[in-house]
Amino acid sequence: MKQILMAGAALVLAGGMALAQTSGQAGAPAPASTPPAATAPAFSAQQREEIVSILREALKSDPSILRDAVGAMQEAQRTEQANSQRAALAASHDALFNDARDPIKGNARGDVTIVEFFDARCGYCKALYPNMQTLLQRDRNIRVVMKDLPILGPNSVVASRALLAAQKQGKYEALYDALLKLRTEPTEQVIQAEAQRAGLDWARLRRDMDDPAIMQRIQANVALAQRLQLEGTPALVIGDTLIPGAVELSELERLVAEARRRG
């Protein structure tokens, strides 16, 4: 709806310009002191009708006008969102990179940090998983900050609670690997089997899953994702760049190299 409204505004502007050109062609030159459009009086009913008529005829003869107007508005939206996200990234730097509670993969002292927002049930996160694993195997100087973002339903929340509880036993990464390789729903029963296979004390894990502090951390991740205007998982932050969706290994390596060059 917003795009339609913006396109309509562009068309009204285009119609106004067309009307001005038509009036000029009729031999009524504008005076040198014509006031800016912002201060011009509102169109009369007759003028509005004439604008609509001009627009209709213009669109009939050249439908690309509408396409170009919508394209320009969409590009403006993308630019506005990118600028807003860059500002949010800068304002959220410490929450992204320096929260001591967050699980870390790779080299804790790495010279490049990747922040990964993920949902253990997300198919795209599962597609990204092997690329991230290969990246960490090839480059031993990368630090990955894990941000559990369970947005795909109750089982996603259960999985995130289990992962953050596993962190207390030093087994976050082991359970993460198991859950990202799953091709079934991460129900509590399935998580129990995977946790025990990974060497976790299930009774302790189950108690820790109910710790209110774990839900507070998840809620903080959700709030952070909202500030960054994330639209889904996975989402990566590398330096001052936000990368939505699953990324190919070659692109990951390029982004890491670029971040390393920037220092």
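Okay, let's start with helix H5: it lies across strands E1, E2, E3 and E4, and runs at about 160° to E2. Keep in mind that what we're looking at is a predicted model.

So what is H5 lying across? Five strands form an open sheet, and the order is E1-E3-E2-E4-E5, with mixed pairing. Which strands stand at the edges? Those are E1, residues 104–106, and E5; each has a single partner strand, so one side of each is left without a neighbour in the sheet. From one strand to the next, the twist averages 25°. If sheets are new to you: strands pair through backbone hydrogen bonds, and they can do that either parallel or antiparallel.

Let's zoom in on E4, residues 235–238. On one side there's E2, residues 112–118, which runs antiparallel to E4 and is joined to it by four bridges. Two pairs to find on your screen: Phe-117 has Ala-235 as its bridge partner in E4, and Ile-114 has Ile-238. E4 also pairs with E5, residues 241–244, again antiparallel and over four bridges. There, Val-237 stands opposite Leu-242, and Leu-236 stands opposite Ile-243.

How do you get from E4 to E5? They form a hairpin with two residues between the strands, and Gly-239 in that hairpin has a positive phi near 65°.

Now the side chains. In a regular strand they alternate between the two faces of the sheet. Look at E4 with that in mind: Ala-235 and Val-237 point one way, Leu-236 and Ile-238 point the other. And are they buried or exposed? All four residues are buried.

Next up, helix H11, residues 249–262. Here's a quick check you can do yourselves: with 14 residues, at 1.5 Å a residue, H11 should span 20 Å, and its end C-alpha atoms are 20 Å apart, which agrees.

Which residues of H11 are buried? Leu-249, Leu-252, Leu-255, Val-256 and Ala-259. Looking down the axis of H11, these buried residues fall within an arc of 125°, so they line one face of the helix. The general idea is that an α-helix has 3.6 residues a turn, so residues three or four places apart point the same way. On the face of H11 turned away from the buried side, you'll find the exposed residues Ser-250 and Arg-261.

And what covers the buried residues of H11? The cover includes E2, H5 (123–138), strand E3 (142–148), E4 and E5. So our sheet strands and H5 turn up again here. Right after H11 comes Gly-263, which has a positive phi, near 80°.

One last residue: Asn-221, which lies in helix H10, residues 212–227. Why do we call Asn-221 buried? Because its relative accessible area is 7%, and the cut-off for buried is under 20%. Leaving out residues up to four places away in sequence, Asn-221 touches Phe-117, Lys-147, Asp-148 and Leu-149. You've met Phe-117 already: that's the partner of Ala-235.

How values were computed
Residues are numbered from 1 along each chain as its sequence is written. This is a predicted model: local features need pLDDT of at least 70, side-chain atom pairs count only at pLDDT 80 or more; totals for chains, interfaces and linings use all residues. Side-chain values use heavy atoms; hydrogens and water are left out. Buried means under 20% relative accessible area, exposed over 50%, partly exposed in between (1.4 Å probe, protein chains only). Two strands pair if DSSP finds at least two bridges between them. The expected span of a helix is 1.5 Å times one less than its number of residues. The arc is that of the directions from the helix axis to the C-beta atoms. Contact means heavy atoms within 4.5 Å. Axes are lines fitted to C-alpha atoms, for helices over the stretch in contact, and angles run from 0 to 180 degrees between N-to-C directions.
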